[in-house]
Number of protein chains: 2
Amino acid sequence: MVAQLSTPGSHPEPAFLAACRRQPVPHTPIWIMRQAGRYLPEYRELRSKVDFVQLTRTPDLAAEVTMQPLRRFELDAAILFSDIMTPLQGMGVSLDFEPGPVVKDPVRSDAQIDALPELVPQRDVPFVMESIRLVRANVPRGAPLIGFAGAPFTLFCYLVCGRPSKEFGAARSFLYAHPGSSERLLDKLADAMAAYLRAQAEAGAQALMIFESWAGLLGPREFQRFALRAVKRTVAGLKDVGVPLIYYANNGGSVLDQVATLDVDVAGIDWRTPLSVARRTLGPDKAVQGNLDPAALFSAPEDLRRHVDIVLEEAGPAPGHVFNLGHGIWQDTDPDAVARLVDYVHEASIRAGVGKGARA
Amino acid sequence: MVAQLSTPGSHPEPAFLAACRRQPVPHTPIWIMRQAGRYLPEYRELRSKVDFVQLTRTPDLAAEVTMQPLRRFELDAAILFSDIMTPLQGMGVSLDFEPGPVVKDPVRSDAQIDALPELVPQRDVPFVMESIRLVRANVPRGAPLIGFAGAPFTLFCYLVCGRPSKEFGAARSFLYAHPGSSERLLDKLADAMAAYLRAQAEAGAQALMIFESWAGLLGPREFQRFALRAVKRTVAGLKDVGVPLIYYANNGGSVLDQVATLDVDVAGIDWRTPLSVARRTLGPDKAVQGNLDPAALFSAPEDLRRHVDIVLEEAGPAPGHVFNLGHGIWQDTDPDAVARLVDYVHEASIRAGVGKGARA
């Protein structure tokens, strides 16, 4: 299936996977957080006929949406179209999307924490693995497929707070008021996400990304005690899974030194932290992914190229850079700007000599 | 009026003002962002009878609300009850509060930028200065009064976006799409806020705080080009104002090195950056203000004391620490927790020997 990208004498694996492992690449690979989504007319058309949850639970449709951006743009990876709440629904958590996830009975008691069952992915969310198999069999250009899950603390925020909010006050006050119960809930979520991610890899996902969307809600001490401890448990449960692991801590600039201690291959960096600073803090053993400001896609074409140049320059010549936005793409983004971005990242990185290492 | 705190042989000025100037203090002073507000039953009672905008525009009532928390707690400073949009309303910007400010005609064109008039505080918002005079004449224990304004970029976000949002996408894309127009609008806002803050000091405000609530929306390059440049213009306009200036960059951890270059006396630090890190980055010429996580007020009393101890320890023994939360107090906070906090900060800082410098 990946024959096109791994013919003998050419590069042994797709640029995205090579970059995750800090191997030389022919060009800087690029994919885009939320690349399958509302900024694409073909997504909006499908979505006008099928509701969001149905889309994530129907393998044909989830695979179709996953592949839509790969048909339009020369992206170097696909990411499974799904939702971070999907495995929690599989564990019996009842929720609506309005459009953010709203949990009907927020988890606020030890009894509720105890009642949360183990996740058995093949039993509880089989459609996710089926979607992965469909993408692997059909994805354009044999592009590698990324599976994903929410990090335990991020899921905790939704579960405890009940509905997304700027501050997630109820979740953060629960941490302070009930630290022991919080740790128990986080442990359960950590184990569930390890099982969920492992099942995705077994079904064919070639890299696994863990989204810590709400890292920025916590000061460093609370991040360490709650968020980092829990995601370390998830990562420990994936030790022998055999595919690159990516951890993205949104708004995580003040905890990057902690991310450095996490046993993952790639750290996703938001747009607030220059990649040069991230490289310095993370050390030479991690690749970086990011981090163009999603707002930069609204620049004039020549300005966009300048913004891309800066990101490439800050990433530096060392291997191990996956280009991405620093946060999910906005729904009012012009798809033509995305096309310009993808082509320019490839072109500029080749011109800057990224491929030279690969030929050496 | 400040006789109680400045008797001969005692300290020459209130602890809050001394700390702002990095002078020795008898105890670590404390005040709380949004201390006049919805977590107080006496505020909610008044608010049930008078609408928010009316409250900010009626000097008797604004002064009353400003002083409410000073009657309950041994706070070391008062902050004027007002809204960061008040001066913009004075400049003719039409808006509603739902409850966040919603601008009826978001500013998106050069014509709108050009049409924005100069702010003449005594003509356009005289009630603000009258409120300040009333507080100065009546404030409990002669506590110093802080005046404030929004930083130019933060006001820009509201003006361009029209309504508050998590991402302020329309404002951020405007920066990238129209950098020159953005700079012009920011310059106008910078000059207006300099005039506004100067008028507050002339009316009796004893310190001035500039709120960069949305610092965290920008990467370091855009922060420097737009937000920092504009607030430097405001600060330059206040050079001879004679009262301490405080700049608070919420979620500003990745731009603290830039804050270090701003000619203000105090940097407000959110809860994500330990004060020890802030001190190191800012150097010895700035005091720090902060930075307990607002969520920590939901801890058990003994845990709250431990969290306070950590903040005091991270602030260190050097002069120049004003205790505060790292962000505004939440409306569901128990006022009794605030009482415990204020008393404990005084008690613990005296025990830790903060006052020794004052007596030396």
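Over how many bridges do β1(B) and strand β4 of chain B pair, and in which sense? In this predicted model, β1(B) and β4, which spans residues 145-150 of chain B, are joined by two bridges and pair in the parallel sense. One of the residues taking part is B:Ile79, whose bridge partner in β4(B) is B:Ile146.

This pair belongs to an open sheet of seven strands in chain B, which has the order β1-β4-β5-β6-β7-β8-β9 and parallel pairing. The edges of the sheet are formed by β1 (78-79) and β9 (321-325) of chain B, and because each of these has a single partner strand, one side of each is left without a neighbour in the sheet. Helix α12 of chain B, made of residues 220-236, packs on the sheet, where the helix touches β5 (207-212) and β6 (245-249) of chain B, and the direction of α12 makes about 165° with that of β5(B).

At the other edge, strand β8 of chain B, residues 287-292, runs parallel to β9(B) and is joined to it by five bridges, and within this pairing B:Gln289 has B:Val322 of β9(B) as its bridge partner. Between these two strands the chain passes through helix α15 of chain B, residues 301-315, and the β-α-β crossover that results is right-handed. Although β9(B) stands at an edge of the sheet, the strand is mostly covered, with five of its five residues buried. B:His321, B:Phe323 and B:Leu325 point one way from β9(B), while B:Val322 and B:Asn324 point the other way, and the residues of both groups are buried.

A residue that leads back to the β1 edge is B:Ala36, which has its place in the loop between α1 (15-20) and α2 (41-47) of chain B. B:Ala36 counts as buried because 23 C-beta neighbours lie inside 10 Å. When residues up to four places away in sequence are not counted, B:Ala36 touches B:Tyr43, B:Val65, B:Thr66, B:Gln68, B:Pro69, B:Ile79 and B:Phe81, and among these B:Ile79 is the residue already met as the bridge partner of B:Ile146. B:Ala199, by contrast, is 163 residues away from B:Ala36 in sequence, and the two lie 22 Å apart in space, C-alpha to C-alpha.

We now turn to the two chains together. A turn of 180° and a shift of 0.0 Å along the axis lay chain A on chain B with an RMSD of 0.0 Å, and the two copies are therefore related as by a two-fold rotation axis. The same surface serves both copies, since 100% of the contact residues of chain A recur in chain B.

Where the chains meet, 24 residues of chain A are in contact with 24 residues of chain B. Helix α10 of chain A, residues 169-177, provides six residues, the largest share of the side of chain A that touches chain B, and the residues of that side divide into ten nonpolar, nine polar and five charged.

One residue found in helix α10 of chain A is A:Tyr176, which counts as buried because it has 20 C-beta neighbours inside 10 Å. Leaving aside neighbours within four places in sequence, A:Tyr176 is in contact with B:Ala295, B:Ala296, B:Phe298, B:Ser299 and B:Asp303. Within its own chain, A:Tyr176 is 158 residues from A:Ala18, and the C-alpha atoms of these two residues are separated by 42 Å.

Note on methods:
Residues numbered from 1 in each chain as written. Chains lettered and ligands numbered in written order. Predicted model: local features only at pLDDT ≥ 70, side-chain atom pairs only at ≥ 80, totals over all residues. Pairing = 2+ DSSP bridges. Helix = DSSP H or I, 4+ residues; strand = E, 2+ residues; numbered from the N terminus. Contact = placed C-beta atoms within 7 Å. Axes fitted to C-alpha atoms, helices over the stretch in contact; angles between N-to-C directions. Least-squares fit on C-alpha atoms with pLDDT ≥ 70 in both. Nonpolar A, V, L, I, M, F, W, Y, C, P; charged D, E, K, R; others polar. Buried ≥ 20, exposed ≤ 12 C-beta atoms within 10 Å, placed from the backbone. Right-handed = clockwise from strand over helix to strand, strands pointing away.
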